[in-house]
Amino acid sequence: MRTPGGTRNMGPGGVPGRARIEGGGMVSTMREAARRGALSPVVADASLGVCVAVGLLAAALAGVGPAVVSPRPLDAGAVALAATVAAAVAVRRRYPIAALVVLNAVPLAWFVSAYPGRLITLAPLIACYTLAAYRGWRWGLAGAVLTALTQIIAIRIVLADAETAGVVPNLVLSAATAGSAGAAVGYYRAVLAATRAQLARETRTREERARRLAVEERLRIARELHDVFGHTMATISVQAGVGLHVIEQRPGQAREALTTIKKICDDGLIDVKTILGILRADTSTEEEPGQPRAPRGGLDRLTELLDTAEAAGLRVELNVDGDLRPLPAPVDLAAYRIIQEALTNVLRHADAHAVRLALTHEPSRLLIRIRDDGPTTSADTRHTAAGHHGHGIDGMRERARALSGQLTAAPHPEGGFEVCAELPVPHPR
């Protein structure tokens, strides 16, 4: 895609837009592949449970930990307790409270049975960490207290009262560390989820805003094309009718009508080319330096517009009040298009011979009033045709609303049809 000046669209840091999109797609593909290759939580927890059980049995066989008086050899009971640990670890995310209770009960049963090895005291720390990570720091604190008390009781059974005081700080510190780590991980996950949700909302908002801006731009261009085509074709139709009527008796007047038609067509083609040029992706100011880059139109072309309407047989009476001053481009263009569309509707739908155009320049607004002298029945018919079967009046209203103004179009009580527009004029800063 090219922009005016023949330069390719570049992303941040000078990276071409397409390359940036392709790079983002590659990253997304790699992330999806990584997610597909990662183990599911159930499989990961089951694998961890098996590893912990095997480690407990291996430590028991190796006699890791304080010596036990008259240790009991490993048997089916020890294997059952190790299997219980594996099962509890496997379901720790789904049932964290139940896993905490089970993993705290297993060491008691292990010590009561006098099995060797003391790595069994590490299993409850896993449950304590999981509870804090998935249920919050309050549950984590409760789990840490329960784990510390359970392990103190378990150690008292094995080491007797005299040895308990020395291990209490270590047990409390281990449980507190596991709970704190779980709470930190849970908080991180919550912040990460909230950040991702916020980014998703911002992305949707940007996309919706882009779509809305695209729709508004299409409507603006459609209004411009409607106004240009409507005015041009209405004037051409009138001039062509005049030419056909006088071509035999008054060839000179017919020639003037054809000359007017040619001028109107040339001006209309320039306006249409300018408007459609906005939609072209390869428009370049170097290729056509003399072409306008914005739709032509403004009150500076009002005299030309009125001359065209008068050439079509419509007498226009212009009345300008107030101090003339330069208007902002949007207000200037909207005022011109509203007058153009109103005159076009008179030519197309009203059996009128004269139009009164009043422009009132006030400090904070511009007032436009266009009233024709057509019969009321014709005005009513025109209002129905233009309001319900066309887009002219709706387009004028949208132009006024886009500038926080207002527009009314209705038959006048004294006859004819009247269009009144009020366009705010912001004060220059």
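Leu146 lies in helix H6. The model described here is a predicted one. The relative accessible area of Leu146 is 36%, so this residue is partly exposed. Leu146 joins Ile97, Val101 and Trp139 in a nonpolar surface patch of about 330 Å². Two helices each give two or more residues to this patch: H4, covering 96–112, and H6, covering 137–159.

**Helix H4 and the residues after it**

Helix H4 has 17 residues, for which a rise of 1.5 Å a residue predicts a span of 24 Å; the end C-alpha atoms lie 25 Å apart, in agreement with that value. Its buried residues are Pro96, Ala99, Leu100, Leu103, Asn104, Val106, Pro107, Trp110 and Phe111. Viewed down the axis of H4, these buried residues stay within an arc of 145°, and therefore they line one face of the helix.

Just after H4, Ala114 has a positive phi of about 60°. Most residues other than glycine have a negative phi.

What aromatic pairing does the structure hold? There is one aromatic pair. Its members are Trp110 and Tyr115, with ring centres 5.1 Å apart and planes at 50°, so the pair is classed as tilted. Planes under 30 degrees apart would count as stacked and those over 60 as edge-to-face, which is why an angle between these limits gives a tilted pair. Trp110 has 1% relative accessibility and therefore counts as buried. Tyr115, at 2% relative accessibility, also counts as buried.

**Helix H3**

Helix H3 runs over residues 76–90. Its 15 residues should span 21 Å at 1.5 Å a residue, and the end C-alpha atoms are 21 Å apart, which agrees. The buried residues in H3 are Ala78, Leu81, Ala82, Val85, Ala86, Ala88 and Val89. Around the axis they cover an arc of only 165°, so they sit on the same side of H3.

**Salt bridges**

Side chains of opposite charge can pair when their charged atoms come close. With a limit of 4 Å between a side-chain nitrogen of Lys or Arg and a carboxyl oxygen of Asp or Glu, the count in this model is nine salt bridges. Three of them are set out below with their N to O distances.

| Salt bridge | N to O distance |
|---|---|
| Glu304 and Arg301 | 3.7 Å |
| Glu362 and Arg365 | 2.5 Å |
| Arg365 and Glu422 | 3.2 Å |

In the bridge between Glu304 and Arg301, Glu304 is partly exposed, with a relative accessible area of 30%. Arg301 has a relative accessible area of 13% and is therefore buried, since buried means under 20%.

Arg365 takes part in a bridge with Glu362 and in another with Glu422. Where in the chain are Arg365 and Glu422 placed? Arg365 is in strand E5, residues 365–372, and Glu422 is in strand E7, residues 417–424; the two are 57 residues apart, and the pair links distant parts of the chain. Arg365 is partly exposed, at a relative accessible area of 26%. Glu422 is partly exposed at 24%, and Glu362, with 23% relative accessibility, counts as partly exposed too.

Elsewhere, Asp45, Arg92 and Arg93 are linked in a network of salt bridges.

**Helix H12 and the loop that follows**

Which residues of helix H12, residues 392–402, are buried? They are Gly392, Ile393, Gly395, Met396, Arg399 and Ala400. These residues cover an arc of only 160° around the axis, so they fall on the same side of H12. Arg401 and Ala402, on the other side of H12, are exposed.

Ser404 is placed in the loop between H12 and strand E6, which covers 406–411. Just after H12, Ser404 takes a positive phi of about 65°, and Ser404 is a residue other than glycine. Is Ser404 buried or exposed? With 65% relative accessibility, Ser404 counts as exposed, because the cut-off for exposed is over 50%.

Methods. Residues are numbered from 1 along each chain as its sequence is written. This is a predicted model: local features need pLDDT of at least 70, side-chain atom pairs count only at pLDDT 80 or more; totals for chains, interfaces and linings use all residues. Side-chain values use heavy atoms; hydrogens and water are left out. Patches are made of residues with over 30% relative accessible area and no salt bridge: like charges are joined within 9 Å, nonpolar side chains (Val, Leu, Ile, Met, Phe, Trp, Tyr) within 5 Å. Accessible areas come from the Shrake-Rupley method with a 1.4 Å probe; for residues, only the protein chains shown count as cover. Helices (H or I, at least four residues) and strands (E, at least two) are DSSP runs, numbered from the N terminus. Buried means under 20% relative accessible area, exposed over 50%, partly exposed in between (1.4 Å probe, protein chains only). The expected span of a helix is 1.5 Å times one less than its number of residues. The arc is that of the directions from the helix axis to the C-beta atoms. Rings of Phe, Tyr and Trp (its six-membered ring) pair if their centres lie within 6.5 Å; planes under 30 degrees apart count as stacked, over 60 as edge-to-face and the rest as tilted.
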